[in-house]
Amino acid sequence: YPGVREFLQTLHERQVPSAVFTRNSRQATQITLDKHQLRFSHVITRNDAPAKPDPTGLLQIAQNFRMAPTEILYVGDYLYD
């Protein structure tokens with residue numbers, strides 16, 4: 001999506017943690033992240049938590065960041081997000 005790389009760079013510069021919560025497998029996710037040279041402080045795949053819209057993965061991310069769920073922003077790119 002246009003502007004995503006710049007948005008992620010701004011988050012990084014401001015030391016805002018970011019994560020990925022995906023329906024994809026760990027292997028497919030890593031291939032995609034490597035291909036696009038993207039790095040996140042936390043990655044949750046279908047190997048780690050139930051698929052969306054189940055909130056388990058988001059709650060894991062909030063816990064990992066030591067934040068309340070109300071303190072995180074989730075941006076989706078799919079119907080079930």
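Here is a chat about the salt bridges, pockets and surface of this predicted model.

Colleague: How many salt bridges does the structure hold?

Modeller: The structure holds two salt bridges. One joins Arg26 and Asp48, and the other joins Asp34 and Arg39.

Colleague: Why is the contact between Arg26 and Asp48 called a salt bridge?

Modeller: The closest N and O atoms of Arg26 and Asp48 are 2.7 Å apart. The cut-off is a side-chain nitrogen of Lys or Arg within 4 Å of a carboxyl oxygen of Asp or Glu, so the pair counts.

Colleague: What makes that pair tie together separate parts of the chain?

Modeller: Arg26 sits in helix α2, while Asp48 is in the loop between β2 (42-44) and α3, so the salt bridge links parts that are 22 residues apart in sequence.

Colleague: And what makes the contact between Asp34 and Arg39 a salt bridge?

Modeller: Same check. Their side chains meet at 3.5 Å, N to O, and the cut-off is within 4 Å, so this pair counts as well. In general, side chains of opposite charge can pair when their charged atoms come close.

Colleague: How do you know whether Arg39 is buried or exposed?

Modeller: Arg39 has 59% relative accessibility. Exposed means over 50%, so Arg39 is exposed.

Colleague: Then why is Asp34 called partly exposed?

Modeller: Asp34 has a relative accessible area of 40%. Buried means under 20% and exposed means over 50%, so Asp34 falls in between.

Colleague: What about Arg26 and Asp48: buried, exposed or in between?

Modeller: Arg26 has 46% and Asp48 has 30%. Both values lie between the 20% and 50% cut-offs, so each residue is partly exposed.

Colleague: Okay, pockets now. Which residues are closest to the centre of the largest pocket?

Modeller: The largest pocket holds about 1300 Å³ of space. Of its 36 lining residues, Leu8, Ala19, Val20, Phe40 and Val75 are the closest to its centre. Helix α1 gives the most to the lining, with five residues.

Colleague: Which classes of residue make up that lining?

Modeller: There are 23 nonpolar, seven polar and six charged residues. Leu8 and Phe40 are among the lining residues, and Leu and Phe count as nonpolar.

Colleague: How much space lies in the second largest pocket, and what lines it?

Modeller: About 310 Å³ of space lies there. Of its 14 lining residues, the closest to the centre are Leu8, Gln9, His12, Ser18 and Arg39. By class, the lining has six nonpolar, six polar and two charged residues.

Colleague: Last one: which residues make the nonpolar surface patch?

Modeller: Tyr78, Leu79 and Tyr80 make a patch of about 390 Å². Tyr78 lies in the segment after α3.

Terms used:
Residues numbered from 1 in each chain as written. Predicted model: local features only at pLDDT ≥ 70, side-chain atom pairs only at ≥ 80, totals over all residues. Heavy atoms only, no water. 1 Å grid on protein atoms, 1.4 Å probe; cavity = no way out; pocket = protein on both sides within 12 Å on 5 of 7 lines; lining within 4 Å. Points joined across faces, edges and corners; volume = space filled by probe spheres on them. Helix = DSSP H or I, 4+ residues; strand = E, 2+ residues; numbered from the N terminus. Patch = residues over 30% accessible without salt bridge, like charges linked within 9 Å, V, L, I, M, F, W, Y side chains within 5 Å. Areas by Shrake-Rupley, 256 points an atom, 1.4 Å probe, with all protein chains shown as cover. Buried < 20%, exposed > 50% of the residue type's maximum accessible area, 1.4 Å probe, protein only.
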